[in-house]
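Work through the exercises below with the coordinates open. Each task is followed by a solution in steps.

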Amino acid sequence: GGCPHILAEPQRTNLVTYSSDFTDSSWTPTRCTITPNQITSPNGTLDADLLTVANTSENYLQTSLLTVSGTLQTSSFYVKKGTSDFAHILLWDSVDDGSRQWFDLANGTVGTSSSFGSGISVNNAKIISYDNDWFRCTVVYNNSNTNIRTRISASNSNGSTNSTVGETIYIWGAQLEVGSYPTSLIPTSGSTVT
């Protein structure tokens, strides 16, 4: 009690250039809308965005094409349930290969995963609880591609890519890093940060 402590982590780089401003042009919303600064984020600031589903087909907010190295990358988002109980994270090569991981935001549990094409699969996933019903959803991917995108989607249920128009999730603190586990969020606002 009262003793100082050190958070010792390896050096990592957040490859996402805008970690919490999802209205920036480096993020592309598809079949959804993003409304900025709608709720208090885990850092205590009113800067978390609202994703609202606009079509029953798969909705998503995705990064521009990012260059990675190695065979393991970790994608993570802070997510809070709005009216949607589920969300999923996808890592893909923007062409034929990718893998999704679902998260249950109502119960704070990891759901199922699925892959398409070849070269990308889920190695492991975690959901970490934070105050005010926030979760950090993290996925470690096996990946043989060097150019990839990561994205977040609201989902109707575990394993489903569909959602109901008007359903919502809150999002904040996106990170994509090369490595076999997630490190603490590295905030970015215009460029990658190491």
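**Exercise 1: a buried charge**

Task: In this predicted model, determine which side chain of opposite charge is nearest to aspartate 97, and whether aspartate 97 is buried or exposed.

Solution. Aspartate 97 is buried and has no salt bridge. The nearest side chain of opposite charge is that of arginine 100, 11 Å away. The cut-off for a salt bridge is 4 Å between nitrogen and carboxyl oxygen, so this pair does not count as one. Next, locate the residue: aspartate 97 sits in the loop between S7 and strand S8 (98-104). A polar atom of its side chain lies 2.8 Å from the backbone nitrogen of serine 118. Beyond four places in sequence, aspartate 97 also touches other residues, including Leu91, Trp92, Phe116 and Asn145.

**Exercise 2: the partner of arginine 100**

Task: Find which residue forms a salt bridge with arginine 100.

Solution. The partner is glutamate 58, with the closest N and O atoms 2.8 Å apart. Arginine 100 belongs to strand S8 and glutamate 58 to the loop between S3 and strand S4 (60-63), 42 residues apart. Arginine 100 has a relative accessible area of 12% and glutamate 58 one of 11%; both fall under the 20% cut-off and therefore count as buried. Extending the search, Glu58, Arg100 and Arg151 form a salt-bridge network.

**Exercise 3: a long-range pair**

Task: Establish what parts the salt bridge between glutamate 177 and arginine 12 ties together.

Solution. The N to O distance in this salt bridge is 2.8 Å. Glutamate 177 lies in strand S13 and arginine 12 in the segment before strand S1 (27-30), so the tied parts are 165 residues apart in sequence. Glutamate 177 is buried at 0% relative accessibility, and arginine 12 is buried at 10%.

Key:
Residues are numbered from 1 along each chain as its sequence is written. This is a predicted model: local features need pLDDT of at least 70, side-chain atom pairs count only at pLDDT 80 or more; totals for chains, interfaces and linings use all residues. Side-chain values use heavy atoms; hydrogens and water are left out. Helices (H or I, at least four residues) and strands (E, at least two) are DSSP runs, numbered from the N terminus. Buried means under 20% relative accessible area, exposed over 50%, partly exposed in between (1.4 Å probe, protein chains only). Lys and Arg count as positive and Asp and Glu as negative; His and the chain ends are not counted. A polar contact is a pair of N or O atoms within 3.5 Å; within protein, one must be able to donate a hydrogen and the other to accept it, and residues adjacent in sequence count only if both atoms are side-chain atoms. Contact means heavy atoms within 4.5 Å.
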